[in-house]
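Let's take a walk through this protein together, starting with a pair of threonines and working outwards to the sheet around them. Keep the structure open as you read.

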Amino acid sequence: MSFRVRFARQAEDDLIRLYEFILERDAPDWPVVERALGAIRNAVPGLARTPFSYRKAAESPFLRELVIPFSASGYVALFEIEDERTVTVLAVRHQREDDYY
């Protein structure tokens, strides 16, 4: 069984924010930006195959986190398994950020 993975508006906004942060910090280091986005892009297909294999983010078995390694740290995607066909990425943050907002 394969799930359809979609991004909530907040998660799309998070990707833009993370992208802009790297560009501002690394003045602009396009290869770093491309590798960071590539790490996220390469991790997402796992959600379509086995979303229940990722760690729980709350008491609900349907709210989970995908840890995405990148460089010395990485990213974390909060996602929800909505039904037997759909996974929605709700938020994406850098692992050094405090938490989802």
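Two residues are said to be in contact, or to touch, when they have heavy atoms within 4.5 Å of each other. With that in hand, Thr86 touches Phe3, Arg4, Arg6, Glu80 and Ile81, not counting residues up to four places away in sequence. Please bear in mind that this is a predicted model.

**Confidence**

The mean pLDDT of the protein is 88, and 93% of its residues reach 70 or more. Strand β1 (residues 4–7) has the highest confidence, at a mean of 97, while helix α1 (residues 9–26) has the lowest, at 85.

**The sheet**

Five strands make up an open sheet, and reading across it gives the order β1-β5-β4-β3-β2, with mixed pairing. Since β1 and β2 (55–56) stand at the edges with a single partner strand each, one side of each is left without a neighbour in the sheet. As a reminder, strands of a sheet pair through backbone hydrogen bonds, either parallel or antiparallel. Here is how the neighbours line up:

| Strand pair | Sense | Bridges |
|---|---|---|
| β1 and β5 | parallel | 4 bridges |
| β4 and β5 | antiparallel | 7 bridges |
| β3 and β4 | antiparallel | 8 bridges |
| β2 and β3 | antiparallel | 2 bridges |

Individual residues let you follow this register by eye. Starting from β1, the bridge partner of Phe7 in β5 is Val89. Between β4 and β5, Val76 has Arg93 as its bridge partner, and Glu80 stands opposite Thr88. One step further across, Ile68 stands opposite Tyr75 in β4. Arg55 stands opposite Glu65 in β3.

Two hairpins link strands in this sheet. The hairpin of β4 and β5 has 4 residues between its strands. In the hairpin of β3 and β4 there are 2 residues between the strands, and Ser71 takes a positive phi near 55 degrees.

Which strands are largely enclosed by the rest of the structure? Strand β5 is one of them, because 8 of its 9 residues are buried. Strand β4 is another, again because 8 of its 9 residues are buried.

**Three residues of β5**

Thr86 lies in strand β5. With a relative accessibility of 9%, Thr86 falls under the 20% limit and therefore counts as buried. Its contacts, as noted at the start, include Arg6 and Glu80.

Thr88 belongs to strand β5 (residues 86–94) too. Is Thr88 buried or exposed? Its relative accessible area is 1%, so Thr88 is buried. Leaving aside neighbours within four places in sequence, Thr88 is in contact with Arg6, Ala8, Leu78, Phe79, Glu80 and Glu82. With Arg6 there is also a polar contact, joining the two side chains at 3.1 Å. Glu80, on this contact list, is the residue standing opposite Thr88 in the pairing of strands.

Leu90 is another residue of strand β5. Its relative accessible area is 25%, which makes Leu90 partly exposed, as the buried class ends under 20% and the exposed class begins over 50%. Leu90 touches Ala8, Gln10, Ala11, Leu63, Leu78, Phe79 and Glu80, again without counting residues up to four places away in sequence. As a distance to check on screen, Leu90 and Pro51 are 39 residues apart in sequence and 14 Å apart in space, C-alpha to C-alpha.

For viewing these side chains, one general point helps: in a regular strand the side chains alternate between the two faces of the sheet.

**The helix across the sheet**

Helix α2 lies across β3, β4 (73–81) and β5, and runs at about 140 degrees to β3. How far should helix α2 (residues 30–43) span? At 1.5 Å a residue, its 14 residues should span 20 Å, and this agrees with the model because its end C-alpha atoms are 20 Å apart. The buried residues of α2 are Val32, Val33, Ala36, Gly38, Ala39, Ile40 and Ala43.

**Putting it together**

The open sheet runs β1-β5-β4-β3-β2, and α2 lies across β3, β4 and β5. Within β5, Thr86 is buried, Thr88 is buried and Leu90 is partly exposed.

Conventions
Residues are numbered from 1 along each chain as its sequence is written. This is a predicted model: local features need pLDDT of at least 70, side-chain atom pairs count only at pLDDT 80 or more; totals for chains, interfaces and linings use all residues. Side-chain values use heavy atoms; hydrogens and water are left out. pLDDT is the predictor's confidence in each residue, from 0 to 100. The expected span of a helix is 1.5 Å times one less than its number of residues. Buried means under 20% relative accessible area, exposed over 50%, partly exposed in between (1.4 Å probe, protein chains only). A polar contact is a pair of N or O atoms within 3.5 Å; within protein, one must be able to donate a hydrogen and the other to accept it, and residues adjacent in sequence count only if both atoms are side-chain atoms. Two strands pair if DSSP finds at least two bridges between them. Axes are lines fitted to C-alpha atoms, for helices over the stretch in contact, and angles run from 0 to 180 degrees between N-to-C directions.
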